[in-house]
Amino acid sequence: MKNPPVTPAAATTLYETGNDISENRRMELNALMNQQLASAVDLQMQMKQAHWNVKGPNFIGLHELFDKVDEAVESYVDMIAERIVQLGGLAEGTVRVAAARSRLPEYPLAIADGQDHVAAVAHALATFGQAARSTINEAMELADADTADLFTEVSRGIDKWLWFVEAHSQATK
Ligand SMILES: [Fe+2]
């Protein structure tokens with residue numbers, strides 16, 4: 001059976017709510033957040049990919065660090081999805097939607113060495129961090145301080161995890 005095509009992130013469903021943010025702004029906010037939700041779901045599974053497959057002398061430290069990043073990203077996924085629903089929208093967070101819409105590069109499958117995973121994870125976190133930061137500004141343009149605050153929290157967390165990961169490669173220079 002052929003799968004139906006996945007449309008680009010665009011809020012098409014809006015439930016009635018007493019939330020006072022205007023319907024037009026809630027539509028735009030939900031499209032914005034569904035785009036980020038897709039990338040966040042992708043990022044979460046990329047962190048697990050690294051957690052499962054990393055090898056080398058720093059195995060245990062990296063294996064455990066990548067799992068901690070996965071747990072943090074899982075909480076960001078939940079926060080983003082639940083704010084979409086709070087604004088009357090439909091959280092579109094299946095793996096297939098995420099795969100179609102994510103703006104992250106695909107995680108390299110054929111790597112094993114710790115430093116290769118450090119580089120790949122750092123690149124994924126930096127790419128998502130840039131998107132999270134620009135979402136703060138877009139939410140402010142839509143006059144939604146709460147969504148801006150949510151992405152400020154997400155981006156601050158991503159910056160911290162990027163530091164934790166990059167620190168594994170910064171002392172070798
Ligand atoms: Fe595990």
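Aspartate 78 is partly exposed, with a relative accessible area of 39%. The residue sits in helix H2. Its C-alpha atom lies 20 Å from that of asparagine 19, a partner 59 residues away along the chain. All of this refers to a predicted model.

**Helix lengths**

Three helices can be checked against the rise of 1.5 Å a residue. The table gives their spans between end C-alpha atoms.

| Helix | Residues in helix | End-to-end C-alpha distance | Expected span |
|---|---|---|---|
| H1 | 31 residues | 45 Å | 45 Å |
| H2 | 28 residues | 40 Å | 40 Å |
| H5 | 26 residues | 35 Å | 38 Å |

For H5, the distance agrees with the expected span. H5 also carries a kink of about 25°, centred on phenylalanine 164.

**H2 against H5**

How do H2 and H5 pack, by angle and axis distance? Helix H2 (residues 59-86) meets helix H5 (residues 145-170) at an angle of about 170°. Their axes are 11 Å apart. H2 is therefore roughly antiparallel to H5, since an angle over 145 degrees counts as such.

On the H2 side, the contact is made by Leu62, Leu65, Phe66, Lys68, Val69, Ala72, Tyr76, Met79, Ile80 and Arg83. H5 contributes residues including Asp146, Leu150, Phe151, Val154, Ile158, Trp161, Phe164, Val165 and His168. By class, the contact has 15 nonpolar, 3 polar and 4 charged residues.

**Burial**

Which residues of H5 are buried? They are Thr147, Ala148, Leu150, Phe151, Val154, Ser155, Gly157, Ile158, Trp161, Leu162 and Val165. Their cover includes helix H1 (23-53), H2 and helix H4 (114-141). An α-helix has 3.6 residues a turn, so residues three or four places apart point the same way.

H1 is itself well covered. Of its 31 residues, 22 are buried, so H1 is largely enclosed by the rest of the structure.

**Positive phi angles**

Two residues with positive phi deserve a look. Glycine 88 follows H2, and its phi is near 90°. Alanine 143 has a positive phi of about 55° although it is not a glycine. Most residues other than glycine have a negative phi. Where does alanine 143 lie? Alanine 143 is in the loop between H4 and H5. Is alanine 143 buried or exposed? Alanine 143 is exposed, at a relative accessible area of 57%.

Definitions and conventions
Residues numbered from 1 in each chain as written. Predicted model: local features only at pLDDT ≥ 70, side-chain atom pairs only at ≥ 80, totals over all residues. Heavy atoms only, no water. Axes fitted to C-alpha atoms, helices over the stretch in contact; angles between N-to-C directions. Helix = DSSP H or I, 4+ residues; strand = E, 2+ residues; numbered from the N terminus. Parallel < 35°, antiparallel > 145°, perpendicular 65-115°, else oblique. Contact = heavy atoms within 4.5 Å. Nonpolar A, V, L, I, M, F, W, Y, C, P; charged D, E, K, R; others polar. Expected span 1.5 Å × (residues − 1). Bend = angle between axes of the 7 residues up to and from the residue. Buried < 20%, exposed > 50% of the residue type's maximum accessible area, 1.4 Å probe, protein only.
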